[in-house]
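Here are a few worked exercises to go through with the model open in your viewer. Try each task before you read its solution.

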Amino acid sequence: MVKLIHHLLPVSKLFFKSSYKLPPLTRARTFSQFYTTTMSVNLQTHAFAGNPLRSKAGDPKAALESLKTRISDSGAALSPNLKVLPFRNGKPLASSTGKLGWIGLEDLKGMLVGADLSGDSFVYLGSRADRDDDDDDAYWAVDVSGWERASVLVPERLCFVELRTLMVATDWVDSAAMGNLAIAGHARALLEWHNLSRFCGHCGEKTVPMEAGRRKECSNESCKKRIYPRIDPVVIMLVIDRENDRALLSKQSRFVPRMWSCLAGFIEPGESLEEAVRRETWEETGIEVGEVVYHSSQPWPVGPNSMPCQLMVGFFAYAKSLEINVDKEELEDARWHSREDVRKALTFAEYKKAQKTAAAKVEQMCKGVEKTHSLTTDFNVESGELAPMFVPGPFAIAHHLISSWAFPDQNVNGVECHSKHPSGSVSNL
Ligand SMILES: [Zn+2]
């Protein structure tokens with residue numbers, strides 16, 4: 001089985017020399033904690049979770065009818081409350097400040113020169129859940145990849161940006177920005193799913209979108225199979241040696257040098273999540289796992305294109321055996337790391353600086369300074385002392401699994417740490 005751990009990759013070379021320290025992100029932390037420990041990001045939700053749009057608000061069918069009317073009746077006064085987020089090749093439109101590039105329908109028409117817009121090209125995202133005064137707001141996403149590039153006129157100061165880049169650029173303490181990231185993730189997952197489900201898996205006929213893009217249906221009258229977005233769960237686990245106070249971290253050859261992270265893998269048919277955690281750990285490292293404790297989960301719309309609706313399900317996995325036998329086809333290396341070393345890894349990682357650097361890149365792209373953006377080429381490790389290792393950034397659940405074990409007294413992500421006294425959803429199966 002190929003184990004895809006794409007979500008552990010995006011930080012790339014986003015980490016620099018070790019002298020920079022983050023400002024305290026939680027008020028509860030003392031000055032001494034700040035300098036003796038490291039960062040611990042208290043997110044209310046993981047990146048891509050906490051979508052502020054109410055996708056079930058209103059009637060999607062009525063919203064679609066309204067949209068179609070407005071598309072066909074170009075002379076009518078268009079509602080300012082209809083907002084569209086265009087995507088091209090999986091990239092959302094964004095502004096130079098890293099905000100999503102919401103545009104009105106008229107602007108979209110002006111952007112897609114000669115395009116024959118159809119309501120079926122749109123997916124309904126919902127309306128705002130955090131405001132009461134604009135219930136009529138309707139948020140939509142549309143994939144404009146089908147139009148030739150020459151006919152897509154991108155408004156000034158806007159550009160299509162990789163969602164991964166936006167993810168790194170988003171300030172995780174800015175709840176509004178994190179909400180927008182979640183909206184973009186939801187939209188991308190839906191649009192990519194539409195791309196992947198053009199034909200019925202039962203009879204092979206074309207599918208058509210239903211309920212404003214929330215599901216699809218086979219166009220064959222004798223089939224009419226209903227098709228819903230399929231969520232692909234991935235288990236991701238921090239394997240812990242409780243007796244010696246160590247955690248198992250691994251690295252893959254495609255990781256940037258010095259980056260270590262959790263094990264992860266797909267679930268096989270007929271397997272529970274706990275069984276998948278134990279099997280994957282055994283296959284990749286030869287370590288037997290006993291207790292498996294649920295930590296939290298994260299929608300992951302930036303995985304491989306073939307799986308736009310991944311759900312990362314995070315666990316602490318307590319080792320029963322300690323000898324490591326690395327499967328070299330899957331991993332480059334796997335080692336036990338002391339809690340102290342893991343804390344240092346979190347100390348060295350300059351997540352805030354990486355975020356600001358990525359945000360500056362988005363700004364440059366949207367201002368036309370840079371046409372493309374590559375995380376692997378644009379972020380170079382600066383000279384100076386290099387951290388011996390680092391772990392993925394706060395946008396990845398791996399970061400929170402690792403940091404909540406490393407700092408068990410801090411309540412990271414609103415999730416109790418079970419590293420010493422597991423309770424609750426413990427499985428001993
Ligand atoms: Zn069919």
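**Exercise 1: the six-stranded sheet**

Task: find the bridge partner of Ser95 in β6, then work out how the rest of this sheet is put together.

Solution. Start with the pair itself: Ser95 is bridged to Leu158 in β6. Before going on, note that this is a predicted model, where local features need pLDDT of at least 70, side-chain atom pairs count only at pLDDT 80 or more, and totals for chains, interfaces and linings use all residues. Residues are numbered from 1 along each chain as its sequence is written. Helices (H or I, at least four residues) and strands (E, at least two) are DSSP runs, numbered from the N terminus, and two strands pair if DSSP finds at least two bridges between them.

Step 1: β3 and β6 are joined by three bridges, in the antiparallel sense.

Step 2: on to β2 (residues 82–88) and β3 (residues 91–95), an antiparallel pair with two bridges. Phe87 sits opposite Pro92 in β3, and Arg88 has Lys91 as its bridge partner in β3. The hairpin of β2 and β3 has two residues between the strands, and Asn89 there takes a positive phi near 50°.

Step 3: put the six strands in order, and you get an open sheet, β1-β4-β5-β2-β3-β6, with mixed pairing. The edges are β1 (53–54) and β6 (158–160); each has a single partner strand, so one side of each lacks a neighbour in the sheet.

Step 4: see what packs on the sheet. Helix α5 touches β1, β2, β3, β4 (122–128) and β5 (138–143), and its direction makes about 155° with that of β4. Contact here means C-beta atoms, placed from the backbone, within 7 Å; axes are lines fitted to C-alpha atoms, for helices over the stretch in contact, with angles from 0 to 180 degrees between N-to-C directions.

**Exercise 2: the three-stranded sheet**

Task: which strands stand at the edges of the sheet β7-β8-β9, and how are its strands joined?

Solution. Step 1: the sheet is open, and its pairing is antiparallel. β7 (207–210) and β9 (226–227) are at the edges, each with a single partner strand, so each has one side without a neighbour in the sheet.

Step 2: β7 and β8 (residues 215–218) share four bridges, and Thr207 is partnered by Cys218 in β8. Four residues lie between the strands of this hairpin, where Glu211 takes a positive phi near 50°.

Step 3: β8 and β9 are joined by two bridges, with Lys216 partnered by Ile227 in β9.

Step 4: look at the faces of β8. Lys216 and Cys218 are on the covered one, Arg215 and Glu217 on the uncovered one.

**Exercise 3: helix lengths and burial**

Task: check the span of α6 (residues 273–285) against 1.5 Å a residue, then look at burial in the helices.

Solution. Step 1: the expected span is 1.5 Å times one less than the number of residues. For the 13 residues of α6 that gives 18 Å, and the end C-alpha atoms are 18 Å apart, which agrees. Just after α6, Gly286 takes a positive phi of about 75°.

Step 2: do likewise for α5. Its 22 residues reach 31 Å from first to last C-alpha, close to the 32 Å expected.

Step 3: now burial. A residue is buried if 20 or more other C-beta atoms lie within 10 Å of its own, exposed if 12 or fewer, and partly exposed in between, with C-beta atoms placed from the backbone. In α5, 17 of the 22 residues are buried, so the helix is largely enclosed by the rest of the structure. In α10 (residues 397–406) the count is 10 of the 10, so this helix is largely enclosed too.

**Exercise 4: the core**

Task: which residues of the largest nonpolar core touch the most other members?

Solution. Step 1: a nonpolar core is a set of buried Ala, Val, Leu, Ile, Met, Phe, Trp, Tyr and Cys residues joined through C-beta atoms within 7 Å.

Step 2: the largest one has 106 residues, and Trp140, Ala141, Ile236, Leu238, Val239 and Ala317 touch the most other members. Helix α5 (residues 175–196) supplies the largest share, 10 residues.

Step 3: zoom in on Ile236. Not counting residues up to four places away in sequence, its contacts include Cys262, Met312, Ile397 and Leu401.

Terms used. Two residues are in contact if their C-beta atoms, placed from the backbone, lie within 7 Å.
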